[in-house]
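Reader: Got a minute to go through this one with me? Let's pull it up.

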Amino acid sequence: MGSLAELTATELRAALAARTVSARDAVEAHLAQITAAPAVNAVVTLDAEAALRRADELDAQGPSDDLPLFGLPVGIKDTHDTAGLRTTYGSIRHADHVPQRDALHVRRMREAGAIVIGKTNVPEWAAGSHSVNRVFGATRNPYALDRSAGGSSGGAAAALAARQVSLADGSDMGGSLRNPASFCNVVGLRPSPGVVPEAESGNLLTPLTTAGPMGRTVDDVALLLSVIGRPDPLTPRAAPWIGGWNAAHDSDPSATLRGLRVAWAPTLGGSIPVEPEVLEVLAAAARVFADHGAHVEEACPDLTGAADAFVQLRAAEFDAEWGDALDADPEGFNDRMTWNIQLGRTLTGRDLMRAQERQTTLMRTAARFFGEFDVLLAPAVTVAPFPVEWDYPETVAGEPQRHYLDWMRAATEITMLGVPALSVPAGFTPDGLPVGLQMVSAFGADLSLLRAARAFESLTGHTRRAPRLP
């Protein structure tokens, strides 16, 4: 792999700021990585000429403090609009769609000096944690090309792991930032709802989906969050700015973990099955916290009803968003989307109000729980990366999964708490497949969560293990 593509985003930014490398050098290095590993199929719409033109413009302009992402090649999730660049949403109905404007956070990334190389692959309409669709096919895991890269931000995670982009955006409803980060040995943060304004959302009242940052390291994720995680005056429910990031404050990772109150929930209080090979990796990760002075005990917030309420709220949202389109073009949707939309049609207003009441109870439960604990540790995913030909794992630890959302409960149940959560590399199975540790904290404690994750990352070094691509 080329040396520039091997640099983390923060390392590359420092080199660009010092002008020891040019933005064109950076773009060319990452384009070479895309060309060298086409089987990964992560960057599915490439914009090489425009990226090189923008690099030349930035090189002529020079770095500055108001361009924190100066010259960094980035990938944009194919569900997020990019002006003048094809955005398909993973749907054959929109295979040639070209938006007229950028999504808010994409515009912020460009204005901060990021260079958009292309769009990263997703499942159809980002539905599910396996990035395959009828437009581009499947994204493959850089650590094992016969395995899934996860989803729905699977193209983003795979592109980061394969060193094809230096930063990537994603979004997360039921694990779409956390699942692919776990599968691809990168970092994905689902911020507190509202930290990244959902300017394009038609519903700001139920905080299920949020955009968020992905990177190869916690510092990279914090860098991107500093750009996209600012309030928007036209999004009145956006959270206040949570402040900046200073990695120098965390130079001693052991000091960061010392005295931290840590809850360890290997099966979310017994509510989910988890494959033994995943639990073995995560148990070792939990010991890292204890070995460095954290107070670790097995505990989990009460998640009663979280899985069912999530499925109901999601189904109602799907029916509202795509129900008419399904009626007009049934062949335009895959079986999982069709099932999810039709499920939404069976729900009553009473069902939805009770699901929202359940979420309210869960959010209050989380507030009390994080009064006693600083961080919750749990699986990000219940399985290691599965064969790329599968739709989803039909059993987990011998337990049948009822539908394509069931195996994702490690993430979906945490979504219902309305708090920040991330996946950080935690190690590898005996077969060399990545496993991520889900770390969760109180609403608004995003920076504290990142600091704890950075300490774990520094002490373990799993992020430094690159895939061996052909």
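Author: Let's take the sheet and then a pocket.

Author: This is a predicted model, where local features need pLDDT of at least 70, side-chain atom pairs count only at pLDDT 80 or more, and totals for chains, interfaces and linings use all residues. Residues are numbered from 1 along each chain as its sequence is written, and side-chain values use heavy atoms, with hydrogens and water left out.

Reader: What's the strand order in the open sheet?

Author: β1-β3-β2-β8-β10-β9-β16-β17-β13-β11-β12, 11 strands with mixed pairing. Strands (E, at least two residues) and helices (H or I, at least four) are DSSP runs numbered from the N terminus, and two strands pair if DSSP finds at least two bridges between them.

Reader: Which strands stand at the edges?

Author: β1 (43-46) and β12 (295-298); each has a single partner strand, so one side of each has no neighbour in the sheet.

Reader: And which strands does α15 touch?

Author: α15 packs on the sheet against β9, β13 (375-379), β16 (421-428) and β17 (434-440), contact being heavy atoms within 4.5 Å.

Reader: Switching topic: where does A320 sit, and is A320 buried or exposed?

Author: A320 is in helix α11 (residues 306-328). A320 is exposed, at 68% relative accessible area (buried is under 20%, exposed over 50%, partly exposed in between, with a 1.4 Å probe and protein chains only).

Reader: How far is A320 from R345 in space?

Author: 9.0 Å, C-alpha to C-alpha, with the two 25 residues apart in sequence.

Definitions and conventions
Axes fitted to C-alpha atoms, helices over the stretch in contact; angles between N-to-C directions.
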